[in-house]
Structure formats: C-alpha cells, structure tokens
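Student: Please show me how a structure of this kind is read, beginning with its overall form.

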Amino acid sequence: MKHLIAPSLLSADFMNLRQEVEMINRSEADWLHLDIMDGVFVPNISFGFPVLEGLKPICQKPMDVHLMIVEPGKFVREVAQAGAYMMNVHYEACTHLHRTVAAIKEAGMKAGVTLNPHTPVSLLEDIIQDVDMVLLMSVNPGYGGQKFIEHSVEKTRALRDMITRKGLDTLIEIDGGVNLETGKRLLEAGADILVAGSFVFKAPNPEEVIHKLKTL
Ligand code: DX5
Ligand code: ZN
C-alpha cells in the first residue's frame, strides 16, 4: 500500500481554521488528524467536539480523531456524530479496551488503538486482531513540535513483524516529530500513515511539504 499522510490540525492557525482546512482539501493529504486533549490524560487542553462539528461540513478528507482523554469510551457517540472516520483511543486510558473497540465499530467508525512511547507493542497481542489501526506515539502526547523519540523506529518494526506474523492487515500510523528524515525511516520500518503537525503547518508552503511527505 502506498503510504498516507495525515496532517495534524493542532499546529494550524486557529484564527484562520477555514483557510487551513481549505488548504488541506486542496493538498495531497489523505486524512486530517484531529487531537482532542482533556488536561487530565495529557498536560494540555486543545479543542473538543464543537470544533469537530464545525469542521464536518468543510473538511473533505476523512477525519482521523486522536483522543488524548481519560475514559474515551464515554464519547463514542459524540465522535461518530461529529463525522469521524477513525477514532483512536489510548491503550493506557481504556480499562475495557475490547468493549470500547467494539463500540467504536458498532458506531460505524474504524477503531484505532494508540500506544504511548513507554507502552510495549507486545501488549497488543490479544487485541490487534480486532483493531483497524495502531497509532504509535513517537513523542509524549500533549504538544506539537517535540523531538522525535528514536526508539519509535524499532517499535514500528516490531509492530510490523507482529502484524505480518498474524497475517493481519492492521494499519500502522506514527504521530510526533515526523519530518522528511524521520518519516522516511518510519516508512522503511513498516509505517502506513504519517501524522505531521508542525512540520506541515509551520512551513512557508504547507501544500508543498505535504507533497514531499507524500512522495517519500
Ligand atoms: C501530540 C499530537 C500530535 C501533534 C504532532 O500529542 O498527538 O498529533 O500534533 O505534532 P508534531 O508533528 O509537531 O510533532
Ligand atoms: Zn495526534
């Protein structure tokens, strides 16, 4: 599969969100990545469901929603209602992950499970057959523009090996510190989707950066 690019809106100009989303619509981006934070699971607060609802009629790319909140299973209905294509919940935030994954799929969305940098891929052994995507954090979640954690390349390879060994078609998405250099190594290690926030939105020409990521 040709890899996908999911720019993260977290680094966009929030006073000009419409123009930013229109730029994404024109670009070669495959998905739009949306980071929801609660100030409890992560030490920051971003935006919530009213913003997703506002984006719904404007955004022409599938919405890849990354919930950095405690008990994300409580909000399956809201995320589905807001038009999400993929709902990513953190492994560390779900006591009954199997139940939450089933609820996400029942609500008509794809189910993604996210791992913090310290959470080993091996913990997915008994759930990976039920999920559509695994999102590996290559920074500690909470902020854009952080330094890429090197170990993420090895972790991507380990996850790719698990998926191959089990004969699954689970997607691998990587989030945090992605640029042309780290992106290339992640794709070589087996990533399918690259999230990029500051590298895209802080660039003078974001559309060109998306094109470059797309042609890696
Ligand atoms: C961080 C978010 C990321 C963030 C990535 O908690 O999950 O999606 O926007 O930002 P960059 O690409 O700047 O590291
Ligand atoms: Zn994210």
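Student: What radius of gyration does the chain have, and what would a compact globule with 216 residues have?

Tutor: This is a predicted model, in which local features need pLDDT of at least 70, side-chain atom pairs count only at pLDDT 80 or more, and totals for chains, interfaces and linings use all residues. Residues are numbered from 1 along each chain as its sequence is written, chains are lettered from A and ligands numbered from 1 in the order written, and side-chain values use heavy atoms, without hydrogens or water. The radius of gyration is taken over C-alpha atoms, and the globule rule is 2.2 Å times the number of residues to the power 0.38. The chain has 16 Å, which agrees with the value near 17 Å for a compact globule with 216 residues. Its C-alpha atoms fill a box of roughly 40 × 35 × 30 Å along the principal axes.

Student: Which residues coordinate the zinc ion (ligand 2)?

Tutor: Donors are N, O and S atoms within 2.8 Å of the metal (3.2 Å for Na, K and Ca). Here they come from H33 (NE2), D35 (OD), H66 (ND1) and D175 (OD), at 2.0 to 2.3 Å.

Student: Why is the arrangement around the zinc ion (ligand 2) octahedral?

Tutor: Six donors count as octahedral if opposite ones are over 155 degrees apart and all others between 65 and 115. The six donor atoms here subtend angles of 70 to 168°, which makes the arrangement octahedral.

Student: Are H33 and D175 buried or exposed?

Tutor: Both H33 and D175 are buried, meaning under 20% relative accessible area with a 1.4 Å probe, protein chains only. Buried residues make up 54% of the 216 in the chain.

Conventions
Tetrahedral: all angles 85-135°; square planar, octahedral: opposite > 155°, others 65-115°. Buried < 20%, exposed > 50% of the residue type's maximum accessible area, 1.4 Å probe, protein only.
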